[in-house]
Every structure is written in structure tokens, then in C-alpha cells.
Amino acid sequence: VACAYASTQAGGLPPEPAWWIMYCCLLDKLDGTAARLLKAQTRFGVQADSAADFLAFGIAPAVLYYRIMIAEWAFTGCEYVWGGIAIAYALATAWRLHRFNREASGAQSNAFRGMPSTLSGAIFASYVVAFLPSTGLALTVLAVLLPVLAIAMNMSYRSCKVTIPKRRGLLIMQSAFVVWIYYGTFTHSYPELLFASAMLALAISIFGAPPEAAPEAHDGVSR
């Protein structure tokens with residue numbers, strides 16, 4: 001929550017606020033992993049975590065998007081256009097988190113629907129630090145990136161849940177990947193590779209999702 005607030009207040013537009021969103025992503029993953037390892041997950045914790053996620057990956061990216069677009073792509077009525085997109089993204093994040101809470105309380109535990117809000121925030125923030133400031137193609141891509149992420153968060157494709165692998169080789173690879181992400185973010189190193197890493201995480205979340213469970217059969221009738 002503190003990092004999300006810092007993002008909305010930070011100067012140094014555009015990279016500094018984006019780095020604060022990146023910090024939010026790392027702390028969110030650290031918090032979730034710690035809760036699973038300590039078996040300290042509760043319904044209240046899920047709701048509180050979602051509230052923090054809404055601020056970090058809904059409000060903070062929306063505010064940063066609005067600030068960048070108003071400063072870099074101004075035209076008559078632009079505050080309504082960029083403001084409308086920012087608000088729509090924040091609402092899409094809220095709905096995605098609502099779906100997450102509903103799915104987390106159900107039987108499905110190894111996959112969810114749509115892009116995780118944390119990953120959406122990471123893709124947006126890493127794109128900003130990697131390719132902005134710019135008044136060319138990069139800014140045009142940013143203009144459509146937030147709406148695309150809002151839609152992706154609420155699509156129905158299966159997205160795998162991040163877990164600690166049981167196979168040693170996969171565990172080593174995941175650990176090396178996590179160490180790199182933390183190093184690159186906290187040292188502000190190789191932002192283009194951080195964006196590539198976020199896109200790789202997206203690919204893994206899509207193609208690594210387990211297949212849909214087949215409907216159970218009961219007395220010869222599927223249900």
C-alpha cells in the first residue's frame with residue numbers, strides 16, 4: 001500500500017512512479033509465497049490482499065497512465081479520453097480481483113481465469129521503465145496497452161497459479177528467475193529485459209496452465 005501511494009506521489013515522470021509499481025509486484029509475490037509456506041492463508045487475508053492489489057495494480061497504474069498521457073499527448077478533451085481509459089482500467093482490475101476471490105474460495109486452486117492483476121501491473125510498469133519517455137511509437141503502444149491489459153484481466157482463458165516446483169531442476173530455474181527479477185528491479189538494471197521477463201511470465205501463465213478438468217460422470221450422465 002505504501003509503495004502504491006508512493007507511485008501516485010512520485011515525481012521523475014515517467015520512470016520513478018513505474019519503479020514503485022514494480023516494487024509492489026515483488027512485495028505482493030513475496031507476501032503470497034510467505035503466506036503459503038507458513039500456511040497462514042485466511043479468508044480475511046485474501047480480502048485484505050485484494051484491497052492492497054487494487055491500490056497497487058489498479059489505482060497506481062491508472063494514475064500513472066493518466067499523468068503520462070496528459071503530459072505527452074495533449075489535445076482538446078484529452079483529459080476525458082485518458083481519464084476515461086484510466087478509470088475503466090481501475091474498474092476492470094476491481095472486477096478481476098472480485099473474480100479471483102470467488103475462484104480462490106472454490107474448488108479450483110491450481111489455475112484462475114484471465115491475466116492476474118499483479119502481472120498486468122508488472123507488464124505496464126516494466127514497459128514504462130523500458131521504453132519511455134518517448135513521443136513516438138512507444139507512446140502510441142502505451143496508449144492502447146492499458147485497455148488491452150484491462151480486457152486481458154477479464155478474459156476467460158486459464159492462467160496457472162504460481163507455485164513452488166517439486167522438481168529440483170524447475171526449482172533452480174524458478175529461483176534464478178526470481179533472483180534476477182529482484183536484482184534488476186531494485187538496481188534499476190536492464191529495464192528492457194525486465195519487460196521481456198514480464199512477457200515471459202505471461203506466456204508461462206498461459207501455456208503452463210493445467211488442462212480443464214473433465215466433467216464428472218454420474219450414472220452414465222455427464223454433469
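In the predicted model, C24 is placed in helix α2, which covers residues 15-37. With a relative accessible area of 8%, C24 is buried, because this value falls under the 20% limit. Although 23 residues separate C24 from V1 in sequence, the two are 7.9 Å apart in space, C-alpha to C-alpha. When residues up to four places away in sequence are not counted, C24 touches C3, A4, A56 and F57.

A second buried position is provided by S120, which lies in helix α5, residues 117-131. The relative accessible area of S120 is 0%, and S120 is therefore counted as buried. Once the neighbours within four places in sequence are left aside, S120 is found in contact with Y89, M115, L149 and M153.

At the surface, a nonpolar patch is formed by W73, F75 and V81, which together have about 250 Å² of accessible area. Of these residues, V81 belongs to helix α4, which runs over residues 78-104. V81 counts as partly exposed because its relative accessibility of 37% lies between the 20% limit for buried residues and the 50% limit for exposed ones.

Helix α7 comprises 19 residues, 168-186, and reaches 27 Å from its first C-alpha to its last, which is close to the 27 Å expected at 1.5 Å a residue. Within α7, the residues I181, G184 and T185 are buried. Seen down the axis of α7, these buried residues fall within an arc of 95 degrees, so they line one face of the helix. On the other side of α7, by contrast, R168, I172 and V179 are exposed. Just after α7, H188 takes a positive phi of about 55 degrees.

The span of helix α8, which has 17 residues and covers 191-207, can be examined in a similar way. At 1.5 Å a residue, α8 should span 24 Å, and its end C-alpha atoms are indeed 24 Å apart, so the expected and modelled values agree. The buried residues of α8 are P191, L194, F195, S197, A198, L202 and S205. When α8 is seen down its axis, its buried residues fall within an arc of 155 degrees, and they therefore line one face of the helix.

Notes: Residues numbered from 1 in each chain as written. Predicted model: local features only at pLDDT ≥ 70, side-chain atom pairs only at ≥ 80, totals over all residues. Heavy atoms only, no water. Helix = DSSP H or I, 4+ residues; strand = E, 2+ residues; numbered from the N terminus. Expected span 1.5 Å × (residues − 1). Buried < 20%, exposed > 50% of the residue type's maximum accessible area, 1.4 Å probe, protein only. Arc of directions from axis to C-beta. Patch = residues over 30% accessible without salt bridge, like charges linked within 9 Å, V, L, I, M, F, W, Y side chains within 5 Å. Areas by Shrake-Rupley, 256 points an atom, 1.4 Å probe, with all protein chains shown as cover. Salt bridge = Lys/Arg side-chain N within 4 Å of Asp/Glu carboxyl O. Contact = heavy atoms within 4.5 Å.
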